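Biologist: I would like to learn how to read a ligand site, a pocket and a few backbone features. Could you take me through them one by one?

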Amino acid sequence: MKFLPEVFSINSAVVAGELVIGGCKSSALAKEFGTPLFVIDEADFKYRINGWKSALESNFGASAGQVYYASKSFVSIEVAKWISDAGIGIDVCTGGELAVALAAKFPADQIEVHGNNKSEAEIAKAISVGVGKIVIDSMQEIERVNRLAAAAGKVQRVLLRITPGVEAHTHEAISTAHEDVKFGFSIASGAAWRAIGETEAATNLSLEGLHCHIGSQIFENEGFILATTRLIELSAKFRDEFKRELSELDVGGGYGIAYVEGDKTFDPDKVMAALADLVKSECARHSLKVPKVSIEPGRAIAGPTTTTIYEVGTTKDVELDGGKTRRYIAVDGGMSDNIRPGLYGAEYSAILANRSSAASPINSRLVGKHCESGDIIIREIDLPSDIAPGDLLAIPATGAYGRSMASNYNHMLKPAVVAVKNGSARVILRREVEADLLALDVVEAPRSIN
Ligand code: LLP
């Protein structure tokens with residue numbers, strides 16, 4: 001167990017044996033706000049937004065489109081304000097995410113609406129508030145968005161989500177652009193071309209460009225290259241057929257981050273430089289103007305900014321075959337605040353946060369408090385052998401898909417999110433209380449419904 005700066009937020013350090021984030025001691029945070037606690041490094045979050053924004057702008061110049069922060073990775077009203085203050089856009093994929101953006105007074109034309117099965121109510125709401133773009137995902141949706149835009153007396157700007165037939169090298173559940181997926185219109189089957197024709201013919205839709213998102217937590221460049229190449233090829237075919245050029249190319253998100261020692265990290269500038277080279281050369285090959293290029297990073301902005309602090313409740317030594325021992329260390333959260341290990345086999349690291357320890361390391365398994373043996377946060381980790389109830393453990397890089405995928409399983413209360421900066425801390429999402437859970441229970445007299 002050692003402090004790995006590459007997996008913690010930028011303003012994290014171990015000072016006098018204790019993990020300090022944004023100038024706030026772990027022990028003080030736990031005492032003030034309770035545990036489990038998501039601690040978000042506000043300055044780091046803003047730094048990462050700007051990193052992607054300036055990388056896009058400096059490498060694409062006049063062809064820079066928009067950075068749309070993928071709010072599914074983590075969003076709250078306060079975070080949406082950080083995003084809009086930084087001058088980037090937001091990607092929402094449900095009415096709920098749209099509601100958060102609107103509550104934050106996010107400029108509607110900077111909102112991009114995703115989703116493979118948007119309801120009519122969601123589409124109508126998006127159109128009525130004037131969202132910038134709707135990314136259409138199915139044939140039915142072409143008709144629905146067109147009809148609802150007509151009813152609102154508007155022409156809606158849209159992108160088409162294209163499935164370029166790319167196998168992204170990541171977990172199957174978060175790989176999204178091979179053929180056998182629910183997302184988008186496949187190029188290979190001809191669906192993409194049919195969707196383009198129907199969208200062009202729709203009177204209340206303005207087709208601005210093509211979109212793809214090949215998956216998440218990706219480190220290899222080939223998938224991005226292949227997908228972008230195929231989209232540009234399709235844009236050229238569009239120009240040949242419809243005698244106009246598409247103005248936008250949105251290549252989605254998916255940039256991987258470091259969770260454990262040895263993981264790579266992406267330098268936004270290098271990624272955007274490579275993307276710009278590719279887009280420029282492919283467009284030149286097809287005699288196309290370089291369109292506005294947009295991206296949708298979620299994890300790469302939110303992920304590294306947040307650390308979860310848990311309190312240890314119990315420890316238990318279990319004899320393994322061959323005479324070895326495994327120490328189970330149970331904390332006060334688990335699969336309800338971090339489902340990623342259970343769902344994707346995701347790996348995390350951990351450190352003792354409230355003190356240093358010279359005790360010898362022991363093979364440990366970090367588990368939660370749920371009634372499931374699969375409630376494992378870290379399957380195998382060497383931790384100091386003197387870790388005891390009351391100690392605090394910190395798990396870095398939980399900002400993306402941690403709180404946003406949290407559940408109330410076992411009627412657990414979702415943890416608070418606290419923003420830290422220069423030694424100050426403030427709650428941006430409060431901890432649930434039992435009354436929040438009980439508020440959903442109702443006792444109704446039966447009513448006839450036929
Ligand atoms: N754009 C679209 C259309 C997406 O579907 C996603 C993520 C993103 C952008 C952002 O991807 P990112 O940059 O965060 O990789 N729950 C999974 C990840 C699912 C990602 C879903 N879509 C996980 O915890 O790993």
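Modeller: We will go through the ligand, then a pocket, then the backbone. This is a predicted model, in which local features need pLDDT of at least 70, side-chain atom pairs count only at pLDDT 80 or more, and totals for chains, interfaces and linings use all residues. Residues are numbered from 1 along each chain as its sequence is written, and side-chain values use heavy atoms, with hydrogens and water left out.

Biologist: How many residues surround the ligand, and which are the closest?

Modeller: A residue counts as near a molecule if one of its heavy atoms lies within 4 Å of it. Here 19 residues surround the ligand, and S216, E296, R299, R340 and Y401 are the closest. The shell holds 6 nonpolar, 7 polar and 6 charged residues. In this scheme Ala, Val, Leu, Ile, Met, Phe, Trp, Tyr, Cys and Pro are nonpolar, Asp, Glu, Lys and Arg are charged, and the others, Gly among them, are polar.

Biologist: Why does the ligand lie between domain 1 and domain 2?

Modeller: Domain bounds come from an automatic or database domain assignment. Domain 1 (5-41 + 304-438) and domain 2 (114-297) both give residues to the shell, so the ligand lies between them.

Biologist: Which N or O atom of E296 is 2.6 Å from the ligand, one in the backbone or one in the side chain?

Modeller: A polar contact with the ligand is a pair of N or O atoms within 3.5 Å. For E296 the atom is in the side chain, and its partner is a nitrogen atom of the ligand. R299 uses a backbone N or O atom, 2.8 Å from an oxygen atom of the ligand.

Biologist: And how should I read a pocket?

Modeller: Rolling a probe the size of a water molecule over the atoms shows where empty space is left. On a 1 Å grid over the protein atoms alone, with a 1.4 Å probe, a pocket is an open set of points with protein on both sides within 12 Å along at least five of seven lines; lining residues have an atom within 4 Å of a point. The second largest pocket is lined by 25 residues, with V260, Y348, I378, E380 and I381 nearest its centre. Its lining divides into 15 nonpolar, 4 polar and 6 charged residues.

Biologist: What should I look for in the backbone?

Modeller: Most residues other than glycine have a negative phi, and most peptide bonds are trans. In this model, Q217 has a positive phi of about 55° although it is not a glycine. T35 and P36 are joined by a cis peptide bond, with omega about -10°.

Definitions and conventions. A polar contact is a pair of N or O atoms within 3.5 Å; within protein, one must be able to donate a hydrogen and the other to accept it, and residues adjacent in sequence count only if both atoms are side-chain atoms.
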